[in-house]
Amino acid sequence: GQPLGPRRLSLKPVPKLPDMEAFLREALVRVRKQARGCLAPELCFQAVRAATQSPFAEGVRRERELFGVLLGSGQAQALQYAFFAERAVHRWATPGGASWSSAAPQPVRRAAVIGLGTMGRGIVTSLVKANIPVVALEQDLENLDKGRKAVMLLLEREATKTEGGAQSLDFHNPARLQFTVDFDLLSDVDLVIEAVFENMALKKEIFRKLSKTCKPGALLCTNTSALNIDEIAAATSRPQQVVGTHFFSPAHVMRLLEIIYGRHTSGTAIATAVQLAKALRKVGVVVGNCFGFVGNRMMFPYVQQAVFLLEEGSRPEAVDRALEDFGFKIGPFRMSDLAGLDVGWRSRQEQGLTGPALPAGTPARQRHGQRYSPLPDLLCEQGRFGQKSGTGWYRYERAGGRTASPDPWLHSFLARYRDTHGIQARAIDQEEILERCLFALINEGFAILAEGIASGPEHLD
């Protein structure tokens, strides 16, 4: 017998919380932390705040205003561009005439991964998650046991995120995931991904073995991040089936998969690698063969400028903060620590830029007539490899730790380094950090396009 109150939601008063301001303040801090540099989440927050403070009609008007700001923003245009660019990369073509429209992939019913270091573990995890049975191979029982434990730990973690948990991934089933030191078990796989460390002689030896062991149609992939695909392919009797599949660290998380064709790589091999990327829910980008391909080749001058900034007076945390505030998920120094400083060090030793192969009398800060910084090499010589060793450009709570803290030892090390080389430290502002790192990245991108290593700007982006 009571009259009905207002039925429209918009007419109901917003219930007041006793500590509304404190609640909103805390929420804003969390939004800013999770979405650094991104406009939309913060403006969404402002719209919600307006709803708590104003009558409905006024709140809606404010929401429309904020939406208008976003609609015309550079970020909206960039996100729309990225959305379409990600779809455009499926349409690949090579200078040799192979393309997405003419090449058909071959099925991958069973795969193998060689090497269970950081990259190999992540790749095995990705394949298991994609429902592709895997044979995981290591050189000896000690490394196999270590690798197996690490892979199982990763899969246990991934299982907690999926519906059905460990049952759905079924990774304890040897038909789905098999660990071995026996090369002959690779004789019936459709695709092998080699993920050993960056050493050309080692990779060639493995590919010679694969050439003899694998069935004729099997695709031979290398997870090299910079080495020459043609040189690796030359070690086999089937260069047309060799393709680069460069995963990014951590491989079970990062969505990018760089697919590199060599001089002899067939259209079918490229199409199969692209299809694999799709099965792994990754974005496969087909690029040409040069040192560092596209991802790392653009990364080299970007990180190099960041290191030069340290020589001149900056600190790792200042450089990272400037780039993260700009919108990068992770700055160059935190990224290097995550990937492992020893990876680049090993590559520079192979190139003769540092270590025993460096000719006597080479100036400390010059290579081939170009400016060079030995800082990353010096850190590696001290056993500072990043997160894996507990110290790198930052220090971590323990070896394998994730939380980066500025390191006073590194600050005094930089000061001693500048004294040794007679470098006068100066104050470097955020604008200079951004310009030097980003312009280096952009200019390298244009060089890659000009050389035809990438077939379009979307592939680079």
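**Exercise 1. Work out which residues of strand 8 are buried on each of its two faces.**

Val283, Val285 and Val287 sit on one side and Gly284 and Val286 on the other, and all are buried (buried means under 20% relative accessible area, exposed over 50%, partly exposed in between, with a 1.4 Å probe and protein chains only). Side chains in a regular strand alternate between the two faces of the sheet. Overall, 5 of the 5 residues in strand 8 (residues 283-287) are buried. Strands (E, at least two residues) and helices (H or I, at least four) are DSSP runs, numbered from the N terminus.

A quick note on the model: it is predicted, so local features need pLDDT of at least 70 and side-chain atom pairs count only at pLDDT 80 or more, while totals for chains, interfaces and linings use all residues. Residues are numbered from 1 along each chain as its sequence is written, and side-chain values use heavy atoms, with hydrogens and water left out.

**Exercise 2. Find how strand 7 is joined to strand 8.**

Step 1: strand 7 (residues 256-261) and strand 8 run parallel, with 5 bridges joining them (two strands pair if DSSP finds at least two bridges between them).

Step 2: pick out one partner pair, Ile259 with Val286 of strand 8.

Step 3: add helix 10 (residues 267-279), and you get a right-handed β-α-β unit from strand 7, helix 10 and strand 8. Right-handed here means that, with the strands pointing away from the viewer, the path from the first strand over the helix to the second runs clockwise.

**Exercise 3. Locate the two ends of the salt bridge between Arg255 and Glu86.**

Step 1: check the distance: the closest N and O atoms are 2.9 Å apart (a salt bridge is a side-chain nitrogen of Lys or Arg within 4 Å of a carboxyl oxygen of Asp or Glu).

Step 2: Arg255 lies in the loop between strand 6 (242-247) and strand 7, and Glu86 in helix 4 (residues 74-88), so this pair links distant parts of the chain, 169 residues apart.

Step 3: look at exposure. Arg255 is partly exposed at 46% relative accessible area, and Glu86 is partly exposed too, at 30%.

**Exercise 4. Decide whether Glu324 is buried or exposed, and list what it touches.**

Step 1: Glu324 belongs to helix 12 (residues 316-326).

Step 2: Glu324 counts as buried because its relative accessibility is 6%.

Step 3: leaving out residues up to four places away in sequence, Glu324 touches Arg36, Lys329, Ile330, Gly331 and Arg334 (contact means heavy atoms within 4.5 Å).
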